[in-house]
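Here's a quick round of questions and answers on a multi-chain model. Take a look first, then read on.

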Amino acid sequence: MTNPELRKKNRSSLIILAIGMLLTLAVASMPLYTYTIGESEQVNGLSLWGFIGSGTSAGMIILLTILLALFSLICGIAGLMGTWEIEYKDLSPRTKTLRGASVASALIAFLLIPAIYMANNYFFNRKRSLFLTNHLEEGSEEYLQSMDRLLFKGSAGEGIESSLRGLDIHLSGMFFLLLFTLMLMIIAAVMIRHGEIKNTLFKMLLYFFVVVVSVVTVYPYFVMLITGLRTNSETLDMFFLHILPTKWMWQNIVDILHRGVARFLLNSLLVAGGATGIAMLCGIPAAYALARMKFVGKKPFLGFVIVSQMFSPVVLLIGISQLMNTLNLNNSLLGLMLINAAFNQAFAIWLLRGTFISISPEMEEASLIDGCGTVSALTKVLAPMAAPGIVTALIFVFINAWNEYTVSTVLISSAELRPITVGITTFSSFNMIEWQYLFSASLLATIPVVILFMSIEKHLTAGLTSGGVKG
Amino acid sequence: MNRTKWEPYVWLLPSILLVSIFVVFPIFIVFKLSFSEISKSGVVGDFIGFQNYVDAVHLPAFGIVMKNTFFWVISVVGISTILGFVIALVLNQKFRGRKIARSILILPWATSLVIQASVWNYIIKYEYGNLNNILLNLGIIKQAINWRSSYQIEFIWACAVGIFVTVPFVTFCILSGLQSIDPALYEAATVDGAGFWSKLKNVTVPLVKPALTVSTVLNIIYVFNSFPIIYTMTKGAPANKTDTMITYLYMLSFYERKKGPASALSVIGFLILCVCASIYMFGVMRKEESV
Amino acid sequence: MKKFLIMLLAAMMTFSLAACGGGSSGGGESSGGGEASGEPVELDVIICEYGPNTQNWFLGTGMDGSNFVDKFHEANPDVKLNLEVVSWNDVYTVVDTRIANNQAPDILNIDVFANYANDGLLMPVKDYCPEDLYNDFFPQFIEQSVIDGTVWAVPDLASARAMFYNVDMLKEVGVEPPKTWAELKEVSQKIKEHYNGEVYPWGIDMTTDEGQAAFAYYTWGNGGGFVDADGKWAVNSAENTEAIEFALGMINEGLTNPNPATETRYDLQDMFAAGKMAMLIAPNQLPTYVADKGGTINMATAGIPAAEGKTGSSVGVMDRVMAFKDDSAPDQAARNEAIGKFLKFFYDPENYVGWVSMEGFLPAVNSAVEALVASDESFSAWLDVLNTCQFYPTAMAEWDQVKQGVIKVEQDALAGGSVQEGLDALQAELTK
């Protein structure tokens, strides 16, 4: 490829990106020009800055969009300047980052447009319906009147009702512009990456998928957060007045800690940690034997552990409690550890066995020939290579033990030995469910698991690279 | 290799002990109970043969509960396996923010089912649920929607929550399988000119299969035995029409206090699981041996 | 990497060992009592979690900085309580599992008693309850715990149900609180029209948790009920069918909350507190509940509406305290005495008044009335209601079956089934 061609390509991609950004800004500021009062009178010529300064969420999002668009253009120019004639794959990482940031911020700015329209619709429609059902909050009237002065120069009328009446945003028309803009931006993104259409689209799709899945996943935790920090009266917002708490009740966290949540968390940590330790100490040797040795009764044993999981602990309560009584482990955390370890053996053994089988035995055999014992062959050679499987099994057992509920309710009778799952039932008593405490405690209970996971997550990927052996 | 005959059994011993004492013994008790007369408050009486089983099968809700259980297991396991597989493939790609994405994805699993069910129960409430709140306040809907207007819909919600909490498990099982695939295999396939689909079919799926088999069998068992979601969201209402086997036998035991039939029913459930899982495993394991 | 894993495993083992030590020292030994006469008698007590304060009152700092157990130990050094507060959701599971393992608690606080009595697990009240305390209980409460002439349990607290209505709403619509079913329907329709469907006029709860209450509200208001005049089960009477069909009619005409099979009493109370429901049947704690939830509803009570020409009846709900037999206890007399001491201390007005008023319940003993009325005027009105109200037939052995049976019939009808057929089937099962 000759350099002038590259040069041309780069230049046109910058131009397309700029057009895309201009269109984005145009569509974003469209609501300002399409407000109508009543049915006929069109209001034009409103200052953009006036609207941004109005303090509505829509104004703020428009400001954000403008900033993002500018940022995108600056990054785009910086990423292209001085690199006009270099192939994409030969670019320095810094330049690649700049170009990537340009594309990403352009897309985010684009995606903010619907948010502007929603925020506008939300603001006026909700205020209107709240007004009609007598649930309008105090202070809203002055606010709406100042909006009226700003948007309509006071022509919307006296009362709040009339100023609310005609506010509606037309969405049609902008739709085609949006599609067109999206096309332009994808083209720009592709060109910035020098025609790697497939890769660019794939990356975009990938991020889109990850974002959607993450949003759905985080949603219940968002609900826990905003509900857990509400006041008791606001947990049941029957008229849907606020998405966010009007008053952030950090006091709720203090309250639940006073009601023993710290102790419950500690108990859960002990039970889950102990159960994981026991399950691994029993499971790894068993899985090793099942993967590497030949002996009679291998298949029956594998079947046996699976069958042993087929009863839910809910069904086995009576037997478990009888057993714990005999072993004098009633009302003790050790009992819970052993039960949880036992009920997770099947998964640990099967998963670890699968991992061990998938790793070629050459290295261990070599080390065995070198005079190492079987134990050190397992711990020094196999275990590091099987790290992803071991970490998965570890996380699995830990989480299952952390979340166990039914057996604990029956086995643990003293309040100070309760794990968190049982402990938080005190917030949903006969008389009242204290949603704010229930959810803030639940959120707290999630944190240790996430921390554990994040601290060992990297070993999920460590696997083969550290083993240094090729099958 | 010089290994003595009994060596494998020494390696297995801790595991055997753990499982036999803490799982097999309680199972033995359930079998014993299912053949005994049990009073309403739980006092265990005499051996009465198969009477409990006869009573269990003649319970009026037996049919619908079986149907629900079947639907519940198939939909939750099936959909979460497909979703989990796709997500695992995505998370196995190298991209910025992968670590964060993985940590986020583990969230549904890191919270106990009771809590998950309570939160979703709260979210989809008609009168004050957060879903209505957010949709209304974003201007997406004009009026609150009754998300649980019939029991069929409620059951679908319960399944959705079941899928939501099961996906991470499947994803991480498959991900651990994907991680232990040697990248050299992909390189070799690329050199041979294999495309994305062909690599998926010829390299990824066969190598992930052991992990997938284990996760599916265990998933069937866990989902079959999953209790808190339905118990928290519907308690089987109306009239056991949204119960699965496990919630039904809990209600039977502790609400209706028919403890004998309840333990018989749990043995029946166990037998069904045994048959299904062994058919599945028999097929898969035979293939595995032949590879 | 490998080091990390090993350290992690080691840490977990340390954890488990530490907890092992903690477990065995912390875990209190179960019942049995002391062998030598000098040792204190141990009593296992299970209390149900009534409200956010229960746990704190018994075991925390909810009783003037101290708690019930500590104060009891101070006053009675010869008795040791292993007291456990269990949530209502789990209490049957916990108790039944313990019973199946011959580990019944010594003292249990729960709502039902008939199953335990019929299995011969309970001790008659007269074996352990001091005479003066026994005479202090409201006699109409004691009557509810009699099987074959023996009293098996004592009441611990009660609540009474009545109709509550939002005064402002009814005033705005211009209607009087309804007394009969026809009026109820008419008023509901007017409320619905006036508020354009934004407000639910009437609340109905047919959930698996408490659907039997709805059955009682309507059948008792139509001259029917769970039992006939002879005290035999009569769930399939024409009156009962008519009553349930009336309730279903209200639901189908859109005059109630939309999902009665899953919307619990608390959901209804929350709707009422938020001003989204105009009228409902609720226990006497509703005002406290509404205040806790930050509601500012101007509410009043009235009798539960009944069918034309029939008299309505208020509904009482009562929980109990009972003592289980323990043949392994070395000194039965000392054990009985210890149980008596527990009851004596619990019902001592100094402690009991705080307990009852903490969650807004009604008392079960005369000695507490004076102090309660002094603290809150409305108590006396509720005590009058309590005198006239009907209770569930909890002393009958089939009560669990009937309770779940009527709930199923209601829910089945909500899903389109026939009320009469359902009730007939239930009755047939009962008389089989």
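Q: How many residues of domain 1 of chain C are in contact with domain 2 of chain C?
A: A caveat before the count: this is a predicted model, where local features need pLDDT of at least 70, side-chain atom pairs count only at pLDDT 80 or more, and totals for chains, interfaces and linings use all residues. Residues are numbered from 1 along each chain as its sequence is written, with chains lettered from A and ligands numbered from 1 in the order in which they are written. Contact means that C-beta atoms, placed from the backbone, lie within 7 Å. On the domain 2 side of chain C there are twelve residues, and on the domain 1 side the count is 17.

Q: Which helix of chain C gives the largest share of the domain 1 side that touches domain 2?
A: Elements here are DSSP runs numbered from the N terminus: helices are H or I with at least four residues, strands are E with at least two. Those giving two or more residues to this side are helix 5 (114–118), strand 4 (146–147) and helix 17 (378–388) of chain C. The largest share is three residues, and it comes from helix 17 of chain C.

Q: What separates the centres of the two domains of chain C, taken over C-alpha atoms?
A: The bounds, from an automatic or database domain assignment, put 37–158 + 317–391 of chain C in domain 1 and 161–315 + 395–431 in domain 2. Taken over C-alpha atoms, the centres are separated by 30 Å.

Q: Which helix of chain A gives the most to the largest nonpolar core?
A: A nonpolar core joins buried Ala, Val, Leu, Ile, Met, Phe, Trp, Tyr and Cys residues through C-beta atoms within 7 Å; buried means 20 or more other C-beta atoms within 10 Å of a residue's own. The largest one has 325 residues, and B:Ile174, C:Leu122 and C:Ala158 have the most contacts inside it. With 18 residues, the top contributor is helix 11 (residues 261–292) of chain A.

Q: Which element gives the largest share of the side of chain B that touches chain A?
A: Here 80 residues of chain B are in contact with 86 of chain A. The chain B side has 57 nonpolar, 17 polar and six charged residues (Ala, Val, Leu, Ile, Met, Phe, Trp, Tyr, Cys and Pro are nonpolar, Asp, Glu, Lys and Arg charged, the others, Gly among them, polar). The largest share, 17 residues, comes from helix 1 (residues 7–34) of chain B.

Technical notes
Buried ≥ 20, exposed ≤ 12 C-beta atoms within 10 Å, placed from the backbone. Contact = placed C-beta atoms within 7 Å.
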